[in-house]
Structure formats: C-alpha cells, structure tokens
Amino acid sequence: MAKRIEVDVTDYSFLEAASSYRGSLLRPIDTAKLLKMCFWLEFELSRMTMGWVPSVPDWDLKGELVRLSYLHTQHMVQLRERISELPGADINDKAWTPRGLQEACQRITHAGGLIEFAAGYKFIVTKLYEQYTAFHETLDPILDGPTFDKLRYIELDKEQMLSWGIPYMKFAFVEDQEKRDAYHSWLVYIDQVWKMLESSSSKKKIDWPDHPVSEPAGPIPLKPANDPKYPHVDLTKYKSAMFDPKSPTYDSVKHMIFINASEMSAVESLTYLYYGVHKMPVDFYLDVARHTWDEVRHSQMGVRRLKQMGYRTEDFSWHPSTAPTSATMKQVFPEFYSSLTMVMEPCSFIKKRKSIGAFMKHGDPLSSIQSEYDIADERLHVGFGQKWGAKLFEHMEDFVSAQNAAETVKQMHLRKMGYSQDEINKVLHSFPEFCGFATMELNYDKY
C-alpha cells in the first residue's frame with residue numbers, strides 16, 4: 001500500500017525561514033519586508049499632508065494637501081494587497097508605523113511654516129521614490145511581475161508628488177538673509193534626522209538632534225487657519241452659516257449649492273481626526289482619507305457653481321472649523337464623526353433628492369447632477385459611520401454598541417440645537433421628523 005502524503009498548503013514557514021543566500025536577487029520574504037517599509041512611509045506622508053491642512057489659510061491649498069494625502073493612501077492599498085500575497089508578516093489591524101520612522105517623520109512635520117513643511121515633504125517623498133526606483137533595478141520582472149504592476153500604478157503620481165513643494169521652496173526667503181539662514185539650518189536638520197534613522201538599529205533608542213523650531217506652525221494647530229476670502233459667521237446669532245439670512249442664496253433652492261460649498265469645515269475636522277487618532281485599523285485611515293477628499297470635492301463643486309452664478313465667496317458667511325484640545329479629544333472625535341455620518345449626511349439626503357428635481361425644473365442640470373454625485377458619495381460615508389462610529393467610541397475607552405452610538409449622537413445633536421427632551425423623544429425614532437428637526441428645509445420653488 002502506497003504511503004499517504006499529507007500537504008498543508010497554508011504552511012509558508014519554509015519560505016519565512018532564515019536563508020544563507022546573500023546574492024543580489026530578492027527572496028519573496030525580502031520583497032515583502034521592503035514593501036512594508038514603503039507602506040509605512042506612504043502612511044506617514046499621508047498623515048503629514050492631512051495634518052497640515054488646518055495649518056494653511058488658503059482654501060485651494062487645503063484641498064491640494066487632502067488630495068495628496070488621499071493619493072498616498074491609494075498607494076497603501078496597492079502595497080498592502082501585494083504584501084498579503086507574499087510570505088512574512090501581513091499588515092494586520094494592530095499594525096502601526098515603526099517607532100523610529102514615525103518619530104523621524106513627526107520631527108520633520110513639525111515645521112516653522114509652509115515653506116519648511118514643503119521642504120520636509122519634498123525630502124521624504126524623494127526618499128520614497130528612490131526606494132521605488134531601487135525596486136525596479138533589483139526585482140526580477142518575471143519572478144516578481146505582480147510587484148512591478150503595483151509599482152507601475154504608484155509611478156503615476158510620482159511627478160505630482162515630487163513637484164508639489166517646489167513653488168514654495170524655489171525662492172525661499174530670497175529677500176531675508178536671517179530667515180534664509182534659518183531655512184538652511186532646517187534643511188541640514190532634516191538631512192541629519194534621516195541619516196540617523198537610516199543608520200540606527202531598530203532595537204536602540206535614537207539620540208535625535210535638537211529640534212530647531214521652537215513654535216511649529218503645524219501640524220494640527222490649536223486654531224485652524226482661515227482663508228480671509230471665506231469670512232466666518234457669527235455663531236452667537238446663528239447655529240451655523242446655513243441659517244444666516246444675509247446669505248444671497250437664502251430662501252431659495254440655490255442655498256443647496258452654498259451648503260455644498262461650506263463642507264470645507266467638515267474637511268478640517270476630519271483632518272484632526274485622521275492625524276490625531278492613533279492605532280485604529282488601517283482601513284479606518286483609508287476610509288477617512290476617502291471621506292475627507294470627497295468633502296473637499298463637494299466644497300469645490302459648490303464654490304465653483306456659486307462663482308459660475310456670479311457670486312463671490314465674500315458674499316457669504318462661512319462656518320468656522322474647530323480644533324479639539326487634549327482635554328476634549330476623547331469626546332469630540334467620536335461625537336463629531338458619528339454626528340457627521342449618522343445625522344448630518346443621512347438627513348441631507350431628503351433635501352438633496354428634492355433639489356435634484358427642483359434644479360431640473362428651473363433649467364439648471366449642472367446643479368441637479370451635483371446633488372446626484374453628492375448623494376452617491378454620502379451613501380458611502382454613512383457606511384463608513386456604521387463601520388467606525390462605535391469603534392471610535394470603543395477606541396477612546398468608552399465602549400458603546402453601534403446602535404447606542406447612533407442614538408446618543410442624535411440626542412446630542414438635537415440638544416445642541418435647543419430642543420427639549422420631550423421634543424427629542426417624540427421625533428427620535430421617526431427619521432423624516434427627526435431630520436426635519438436636525439436640518440433646515442429649502443424653498444424649492446424659488447431659484
């Protein structure tokens with residue numbers, strides 16, 4: 001009788017075992033390790049750019065930084081997919097950036113101003129693409145063809161990322177010798193930090209050089225920088241900018257366009273969430289980056305349409321962004337995110353659906369289609385809220401179920417709007433009535 005042979009097809013231990021091979025070719029486990037280094041570098045670059053959004057006042061620049069952050073997370077998706085196919089440790093839900101790399105990037109992120117930040121970003125993203133170039137020169141295109149395919153996707157964004165900071169750096173402080181000298185010292189510091197990172201052992205604490213900036217301008221400043229072209233509403237008079245009757249679109253269906261445009265305040269709150277909450281599963285950061293970029297797009301499409309209609313952003317008052325403090329962070333982050341995804345966005349569907357037909361009736365197909373795309377995006381965001389809302393409360397050491405999280409947030413939202421507990425109890429479980437309390441209605445008959 002033939003001897004029975006059993007094979008465990010899930011056993012990759014032989015691939016992960018130490019090898020005496022020291023040639024120029026990479027084993028699969030070596031490729032996985034190098035891809036993980038790139039993965040965490042992409043993640044830290046996404047955190048850098050997202051964290052600096054509230055530090056800059058220019059509205060367009062805020063959008064550029066969110067876009068960069070989102071692109072870095074898309075690279076992470078490609079890298080993680082390939083890493084999961086190779087032997088070695090996968091990127092699991094508890095994984096986080098190695099301490100040395102995280103601290104090096106953190107030191108370079110804490111820059112004195114936009115020019116210094118741009119230099120730091122340019123330095124690190126250049127190092128990243130140098131690693132990708134080394135991959136191309138080392139990997140066998142037949143043996144490791146799938147990795148080449150992933151790198152080809154990432155290569156599409158190379159020029160945009162490498163060139164982003166150049167306009168800020170090109171003539172840095174050309175008229176100010178003292179600031180130019182300080183800027184040169186900053187460049188030397190960046191180089192020193194990276195050399196120490198590269199030469200250090202993962203098991204030893206790094207003796208970093210003294211940080212040259214006493215008061216960094218970013219990331220996530222105590223007060224978000226505001227673009228003067230977007231003057232703030234007086235919150236002592238109105239619950240939000242959309243309730244200000246001085247708005248030129250007030251009491252008309254066009255107010256829907258202004259509501260789209262005002263979503264930049266949600267963007268900045270999400271950037272504090274993205275940068276400030278640590279050690280959530282990787283998918284959380286991928287989803288929040290997509291959500292934040294979507295809100296940028298909604299704001300951009302609203303502002304573009306208002307300008308096409310002949311308005312200026314200065315004609316409106318805009319809701320200010322708020323920054324959580326260390327004392328309020330554990331409460332603000334879960335409440336804000338759950339309120340955004342479980343109250344404001346789902347309740348907005350009602351008026352957005354009505355707006356689609358109203359805009360068509362008034363002969364404005366572009367505004368109608370904007371609302372269609374807006375709803376398509378926000379359906380995705382509601383799913384994000386269901387996925388992460390309760391987990392954020394749990395992560396902040398305040399465990400509640402998803403159902404309890406939604407209920408709690410709805411009550412808090414209505415209390416902030418001044419409703420009594422009896423009124424809240426009457427409408428809480430009736431979605432149309434609840435949304436009638438939670439948001440404003442529009443005049444769809446008036447254009």
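This is a short walk through some salt bridges in a predicted model, with a longer stop at helix H12.

**Warm-up: helix H3**

The count of salt bridges here comes to 23, and we'll visit a few of them. Start by selecting residues 59-85, which make up helix H3. Now show the side chains of Arg-82 and Glu-85: they form a salt bridge, with the closest N and O atoms 2.8 Å apart. Both residues sit in H3, three residues apart, or about one turn of the helix. That spacing suits a pairing along one helix, because an α-helix has 3.6 residues a turn and residues three or four places apart point the same way.

Switch on a surface and look at the two partners again. Is Arg-82 buried or exposed? Arg-82 has 8% relative accessibility, so with the cut-off for buried at under 20% it counts as buried. Glu-85 is partly exposed, at 47%.

**Next: helix H12**

Select residues 282-308 to bring up H12. Put a distance between its end C-alpha atoms and you should get 39 Å; at 1.5 Å a residue, the 27 residues should span 39 Å, which agrees. Of those 27 residues, 20 are buried, so H12 is largely enclosed by the rest of the structure. Just past the helix, click on Gly-310, which follows H12 and has a positive phi, near 100°.

Back inside H12, pick Arg-290 and Asp-294. Their side chains meet in a salt bridge, 2.9 Å from N to O. The two are four residues apart in the helix, about one turn. Arg-290 is partly exposed at 26% relative accessibility, while Asp-294 is buried, with a relative accessible area of 0%.

Keep that pair on screen and add Arg-297 and Asp-377. Which residues are linked in a network of salt bridges? Arg-290, Asp-294, Arg-297 and Asp-377 are.

**Last stop: from a loop to H12**

Now select Asp-364 and Arg-305. They form a salt bridge too, the closest N and O atoms being 2.9 Å apart. Asp-364 lies in the loop between helix H13 (329-361) and helix H14 (365-395), and Arg-305 is in H12, so this pair ties together parts that are 59 residues apart in sequence. Color by accessibility and check both ends: Asp-364 is buried, with a relative accessible area of 3%, and Arg-305 counts as buried as well, at 12%.

Technical notes
Residues numbered from 1 in each chain as written. Predicted model: local features only at pLDDT ≥ 70, side-chain atom pairs only at ≥ 80, totals over all residues. Heavy atoms only, no water. Salt bridge = Lys/Arg side-chain N within 4 Å of Asp/Glu carboxyl O. Buried < 20%, exposed > 50% of the residue type's maximum accessible area, 1.4 Å probe, protein only. Expected span 1.5 Å × (residues − 1).
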